[in-house]
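Please open the model in your viewer and keep the sequence beside it. The stops below each name something to select and then say what is there.

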Amino acid sequence: MIKAKNIFKQFGDQEVLKGIDFTFEAGKNNLIIGQSGAGKTVFLKILVGLHQPTKGEVWYGEKNFFQLKKEELRQVRMDVGMLFQANALFDSLTIEENIRFPMDMFSKMTLKEKKNRVDLCLERVNLEGINNKFPSEISGGMQKRVGIARAIVLNPKYLFCDEPNSGLDPKTAITIDELISSITVDNNITTVINTHDMNSVMEIGDNICFLNQGILAWKGTKHEVLESKNDLLEEFIFASPFLKKLKARALGK
Amino acid sequence: MIVFDWLEHFGRWVVWQKQIFKKPENLGMYYKETIRQMYDIGIGSLPIVFLIAIFIGAVTVIQFYYQMEGTLIPPYYIGYIVRDMMIIELAPTFTNLVLAGKVGSNMAAELGGMRQKEHIDAMEVMGVNTSAYLVLPKVIAAVSMIPILVSLAAFVGVIGGYLASVPSGLFTAAEYIQGLRAFFIPWNVTIMFVKAVSFAFILTSVSCYQGYFVKGGSIELGQASTRAVVYSDILILLADYFIAVVLTG
């Protein structure tokens, strides 16, 4: 479980986050949604420790992240996996070397054990046999899955995904969502997904945090989205007339 | 205010050095990266360093011959002048100015590209000390390989001088070699190595700083790469002056 307590973030004169409180639950897909510029990425980067909040705390279980000592911080970092929007796969390394990188850096496993673990992770994301290819030799969807494989290689307790579906066709996007969701449930991981893909919201949104102009404007589950009376959320989720009609039909109006 | 900007960058650079020289997380990974960088900097730069050194040696001989022709100074002095100029000044300074363009801009572009593609963020999330892992191997590789390149440049420069003068009959091989062996001061070699190591550290450190902290898109990356070369060159020339004052004073 991750708790964000009263998070503020300011860049110069601009206040991007204004006192956000939210609990990200274990074994659930926790979604951060909101329009572009709402502060989603900044919030995610604060949760993962890439940005320091101007004010507020982030708790990983019983540990206050920004108060941790060096060794404790290292331990927490070992429990974190992250899938980046542009995958952030290292171009000069093969797929296997990319996935092996966190193990090479931090584990004392033998090369054979590491290779077995890479194979297992690739199998988990349905990409067996591409060990020796380079990231530029595989499709965008496959790169996302390799990114997921690298993120889960050290058996993380926390998985962060920044726009996992950006640039993907709807079918591949659903595959990625299903993959993240099954990994989350199977391993009881606290997964935090930053997205503005409505399919993701309605398919895997177990615990949703809706940001608007740096403020937590709504929270709930995918089931509660349909019946929400929050105008800002409705405007965001059902932005097109087509979706508005769909919602009306779903509610029997 | 340019002065405050410079001071801010300098302060940030000093604080950053503390991160770079921290204990590595995994010596094996750092070792592999250092060897890769040593190959890139050392072997990768040999052709350009040789080419420049041979022409510098050749031009030095021809121009000194032109200036000294008809004077009472014996011709073998040209060999002596070329040797000392290559050792004390031309090999360390020219080699590093050229390497600032080749190696420095490459380092800035590599790190800047990694920053923009979120590779550095990805490593940070994994718990890697990216300042150390990405920069320390480059510094070690440069500080160990560039003095070797500089020594080779001095040697090749002297050969360049020979090739430009003896076959064309400016003076005899015996005169040139007599000059090379005359008035040798071993301290000059120490000066060459002090310069080589100092310049190598400057060009690596400045270039990596420009790349590591790049913000924005491809235009900013290009600007950072240019700044890496320009600032390295300026600081190398300044350091050259101070080392000359201190070590020859």
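How much space lies in the largest cavity? The answer is about 140 Å³, where a cavity is, on a 1 Å grid over the protein atoms alone, a set of points where a 1.4 Å probe fits but cannot get out, and where a volume is the space filled by probe spheres set on the points, with grid points joined across faces, edges and corners. Before selecting anything, note that this is a predicted model, in which local features need pLDDT of at least 70 and side-chain atom pairs count only at pLDDT 80 or more, while totals for chains, interfaces and linings use all residues. Residues are numbered from 1 along each chain as its sequence is written, chains are lettered from A and ligands numbered from 1 in the order in which they are written, and side-chain values use heavy atoms, with hydrogens and water left out.

**First stop: the cavities**

Select Val80(A), Gly81(A), Met82(A), Arg150(A) and Met126(B), which are the closest to the centre of the largest cavity among the 13 residues that line it; a lining residue has an atom within 4 Å of a point. At least two residues of this lining come from each of H2, strand E6 (80-83) and helix H5 (140-152) of chain A, and likewise from H4 of chain B, helices (H or I, at least four residues) and strands (E, at least two) being DSSP runs numbered from the N terminus. By class, this lining divides into 10 nonpolar residues, one polar and two charged, where Ala, Val, Leu, Ile, Met, Phe, Trp, Tyr, Cys and Pro count as nonpolar, Asp, Glu, Lys and Arg as charged, and the others, Gly among them, as polar.

The structure holds two cavities of 30 Å³ or more, and the second largest has a volume of about 30 Å³. To find the second largest cavity, select its lining residues, including Val49(B), Ile52(B), Leu90(B), Phe94(B) and Ala153(B). Helix H2 (27-68) and H3 of chain B are the elements that give two or more residues to this lining, which has eight nonpolar residues, one polar and no charged ones.

**Second stop: the interface**

Now colour the two chains separately and look at where they meet: 15 residues of chain B are in contact with 21 residues of chain A, contact meaning heavy atoms within 4.5 Å. Between them the chains bury about 1,800 Å², 67% of it on carbon and sulfur atoms; buried area is the accessible area (1.4 Å probe) that two parts lose on being put together, summed over both. Select Glu118(B), Val125(B) and Met126(B), which supply 37% of the area that chain B buries against chain A, more than any other three residues.

Two salt bridges are counted between chain B and chain A, a salt bridge being a side-chain nitrogen of Lys or Arg within 4 Å of a carboxyl oxygen of Asp or Glu. Select Asp121(B) and Lys45(A) to see their side chains meet in a salt bridge (3.6 Å, N to O). On the side of chain B that touches chain A, H4(B) gives the most, with seven residues, and the residues of that side divide into seven nonpolar, three polar and five charged.

**Third stop: the pockets**

Turn next to the largest pocket, which holds about 1,500 Å³ of space; a pocket is an open set of points with protein on both sides within 12 Å along at least five of seven lines. Select Gln19(B), Glu124(B), Val128(B), Thr130(B) and Tyr212(B), which lie nearest its centre among the 38 lining residues. H2(A) gives the most to this lining, with five residues, and by class the lining has 13 nonpolar, 11 polar and 14 charged residues.

The second largest pocket has a volume of about 680 Å³, and of the 22 residues that line it, His9(B), Phe10(B), Tyr209(B), Gln210(B) and Tyr231(B) are the closest to its centre. H1(B) supplies the largest share of this lining, eight residues, and the classes are 12 nonpolar, four polar and six charged.

**Last stop: a helix and a whole chain**

Select Glu96(A) and Arg100(A), whose side chains meet in a salt bridge (3.2 Å, N to O); both lie in helix H3 (residues 95-106) of chain A, four residues apart, about one turn of the helix. Finally, show chain B alone, with its eight helices and zero strands, its C-alpha atoms filling a box of roughly 70 × 45 × 35 Å, taken along the principal axes.
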